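Biologist: I should like a close look at a single part of this model, namely its buried interior. Please set out what the coordinates show there.

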Amino acid sequence: MSLPPGFLDELRNRLSLGQVVGRKVVWDQRKSNQGKGDLWAPCPFHQEKTASFHVDDRKGFYYCFGCHAKGDAISFVRETENVGFMEAVKILAGEAGMEVPQASPQEQARADRRTELTAVMEEAVRWFRLQLKTGGAAEARAYLEGRGFDAARLERWEIGFAPERGGAFAALTGKGMAAQDVIDAGIAAESDRGGDPYDRFRDRIIFPIRDARGRAIAFGGRAMAKDARAKYLNSPETLLFDKGRQLYNHGPAREAAGKGQPLIVAEGYMDVIALSEAGFTGAVAPLGTAITEDQLRLLWRIAPEPIIALDGDTAGLRAAMRLIDIALPLLEAGQSLRFALMPEGQDPDDLIRAGQTAEVQRLLDEALPLVRLLWRRETEGKVFDSPERKAALERALKERIGTIKDPSIRRFYDSEIRDLTWQLFRTAPQGRAGKPKGQRWGERPVEALAATKASALAAGAQEEAIREAVILATLVMTPELREAYEGEIERMECRSEDHGALRDAILRAEPGADGTLRADIGQSAGHALEKLMGQSHLRVMPWTRERGHREAADACLSEELAKLAARRGHLREMEEAHHDIGAAGEEDDVITRRIARSNRELERAGTGDDEDKTEYQTGPNGARIKKDEKSAFDALLRQIGPQKSP
């Protein structure tokens, strides 16, 4: 549906974003200045204790400095209420006292039809609940009581019963509802043999399924007869219900996750109810199907790292393994899955009814990250006693990791898998007549390499952070160089969230009146910018403090980016050697030569081949910087620790 020009602008102007957001958060009174529309709170989109979520009420925008969520009132309602764009517009228009322009006749007809079917569903919920109190439901009540359902729990979960005869179709049409409405709602179906429609749910315990806004959209039925064709039966897909896009207990779980509860994905209705009643209120379940891509995206809108707690049987494990292949291409920074594997033959409901709530908590706390379950799937029960089998494992893992679209996540997965492969394949090397350079007598090559790798990490971490700060500050003060180095800046991996936020802001920002990016960046990454520009080591270089040093800034960017690339390339070489010494079978002296070559390249990048021949250093664009202008900064880096690296 299209909206007339200016409608959304008028809607945003009439609303106070602070009031819209204020329904979901508690403002930090110490940090907020409500008179100026400057509001801060813990973020409603991710779990945190500090107030990093900022609302600029005058401009009508929000931004989280933790998870980087951003948008306006419409996007906020969409994310927190889990509704589409037009539904969010309608909600906000109602609050602003505005009437949304009518949809096309076809769209309006579908909306009206949904309203009619929702009314039928709500009436059916009430009727099924009444049937559970009748004499014909005695067996169902006894079963539910044995599963821990008292009167209060039955009420909370709106549990009902569908009798064998005299079912919902006759009852609802007897109340004046159209037969076609009852059929279209999925409660009854037309007979292939002609005659009256028949009830879809007969002799079953009924679980109402509601959408994220609490509207009844479908039913799940648990058969009482042991010889029933299906133990559980869900409503068919209707105008209201798409089982691959819905979750059982969606609305309450989303609210619980917003308050810090883990989002737990169980297999069925009973598991969700048992978990919720035991205090794990962020529990949901797919609806009679394996978790779909749409449901996975829905889960990530609720929480960044849902815990998959499927049954500990073959089917549950198979479902978890299938989910790996769905999830890998969709992974993003801070967005993944963890897996709590139940004991064999048991599910969360079994454990909780056995009084093992603490065991459930332990399993959730120790849930495996996705990468570990991927490793388990590819290695469990297999023997790798030949080069061909080892190569097959390596190929299978590379194929799976290759489906990850995010390059940084793909790199970290590759590193993790390399470490796991090395641990699996490593062999104790035989003693040698001599020892490689840098290796202590009696020390195995792999131990020497691990020590060298750890040393490189420890020595380089602080230095890399400082060099990143210099690069970012130089770009803030000399934004005209941004285009020349844009590709390298985009690829620069930052050691902290603040540096990452600044890098992204620098790439988006426009120069202000003073020719720098400070004013524009302050709107999206102000806290990070303030921390950056307050660092003492930036004061020793004029191009990180003020305008007017373009040539020096150019040469500085060229040098610092080269040194960062050299150091990180060196670390990658160390990781690959760490892997190859155990997995690939390379000779120790070959690996030692590789490391020595990498060390020389790292040292060359740090000193520069021409450092002693001229008083200048030259950038790729011909810009030059006097050495003495950087001597104070170089001296500062030398204080970090003894190292030959740049």
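Modeller: A residue counts as buried when its relative accessible area is under 20%. C64 has 0% relative accessibility and is therefore buried. The model is a predicted one, and a search through the whole of it returns 0 disulfides. C64 accordingly has no disulfide partner; the cysteine sulfur nearest to it belongs to C43, at 3.6 Å, whereas a disulfide would require the two sulfur atoms to lie within 2.5 Å.

Turning to the nonpolar interior, the largest core comprises 62 residues, and L144, I159, I187, F219 and Y248 have the most contacts inside it. Helix 5 (residues 105-131) supplies the largest share of this core, with 7 residues. Among those high-contact positions, I187 may be taken in detail: leaving aside residues up to four places away in sequence, I187 touches V120, M121, A124, A168, L172, V182, D199, R200, F201 and F219. A second core, separate from this one, has 41 residues, including I308, L373, I409 and I417.

L373 also leads to helix 16, being one of the buried residues of that helix. Because 8 of the 10 residues of helix 16 (residues 370-379) are buried, the helix is largely enclosed by the rest of the structure. Besides L373, the buried set consists of L370, V371, L374, W375, R377, E378 and T379. These buried residues pack against three helices and two strands: helix 13 (314-327), helix 17 (387-401) and helix 18 (407-425), together with strand 14 (338-339) and strand 15 (368-369). Just after helix 16, G381 adopts a positive phi of about 75°.

Note on methods
Residues numbered from 1 in each chain as written. Predicted model: local features only at pLDDT ≥ 70, side-chain atom pairs only at ≥ 80, totals over all residues. Heavy atoms only, no water. Core = buried A, V, L, I, M, F, W, Y, C linked by side-chain atoms within 4.5 Å. Buried < 20%, exposed > 50% of the residue type's maximum accessible area, 1.4 Å probe, protein only. Helix = DSSP H or I, 4+ residues; strand = E, 2+ residues; numbered from the N terminus. Contact = heavy atoms within 4.5 Å.
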